[in-house]
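Work through the exercises below. Each task is followed by a stepwise solution.

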Amino acid sequence: MTRSMKSGKPEQRSRRLTKAGRETRDRIVEAAAELMFHRGAAGTSIPDIQAAAGVSASQIYHYFGDKQGLVLAVIDHQTDVKLAQQQPLLSSLDSIAALREWCENAAVRQDAAGCRGGCEIGSLASELADRDQSARAGLVAAFDRWEEPIRSGLSRMRARGELRDDADISALATTLLAAVQGGMLLSQVRRSSTAYRQAVSAVIDHIESYLVR
């Protein structure tokens, strides 16, 4: 994708939007996010988004510059939604029990959806990571935002003297997030959350092995 901005960068324009402008922009992003989740970014056209959001093409270009700008906004939106969905548990991952509850809560959501659809961020990553470097950078930031609360919770555990000093907090946080993502993918393919539960449980068991006894 190429990025040809018009009348300033979209992020600059978004800072000076009126209330009506903000509502229109949000409606476009939400419509695009829904379409891209089901059809993929490549399978979602500007006319598709126009119809779903009830806007003109000129409005889309005004707020986002081009389709790539809209894709980046969708990544941010899906990240915001995904992290908000996991609150308040995501902000309190500072015990083994809290980690298990957080992961089980996600498994329950997968079961409720019949293990269909997968992860909104993971789906975008699978499609865009090798095709669009700007999108890949946005996805790196998205996963960093997701990983940070895990790392923060583990850091608090170590600061309280509950985790041994040799525990690699960053590596443990990355491993748990990788188990979450990989487990979600297997659950989607197999239509069962068993793989997800097994993957995250194994990583949390490993984290638990670093507890000060």
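Buried means under 20% relative accessible area, exposed means over 50%, and partly exposed lies in between (1.4 Å probe, protein chains only). This is a predicted model: local features need pLDDT of at least 70, side-chain atom pairs count only at pLDDT 80 or more, and totals for chains, interfaces and linings use all residues. Residues are numbered from 1 along each chain as its sequence is written, and side-chain values use heavy atoms, with hydrogens and water left out.

**Exercise 1.** Classify Arg22 and Asp26 by exposure, then describe their pairing.

Step 1. Arg22 has a relative accessible area of 32%, so Arg22 is partly exposed. Asp26, at 30%, is partly exposed.
Step 2. Their side chains form a salt bridge at 3.9 Å, N to O. The term requires a side-chain nitrogen of Lys or Arg within 4 Å of a carboxyl oxygen of Asp or Glu.
Step 3. Both residues sit in helix H2 (residues 19–39), 4 residues apart, about one turn of the helix. Helices are DSSP runs (H or I, at least four residues), numbered from the N terminus.

**Exercise 2.** Find the salt-bridge partners of Arg100.

Step 1. Arg100 meets Asp205 at 2.6 Å, N to O. Asp205 lies in helix H10 (residues 194–208) and Arg100 in helix H6 (residues 96–112), so this pair ties together parts 105 residues apart in sequence.
Step 2. Arg100 also meets Glu208, at 3.0 Å, N to O. Here the separation is 108 residues.

**Exercise 3.** Is Thr79 buried or exposed?

Step 1. The relative accessible area of Thr79 is 1%.
Step 2. Thr79 is therefore buried.

Definitions and conventions. Helices (H or I, at least four residues) and strands (E, at least two) are DSSP runs, numbered from the N terminus.
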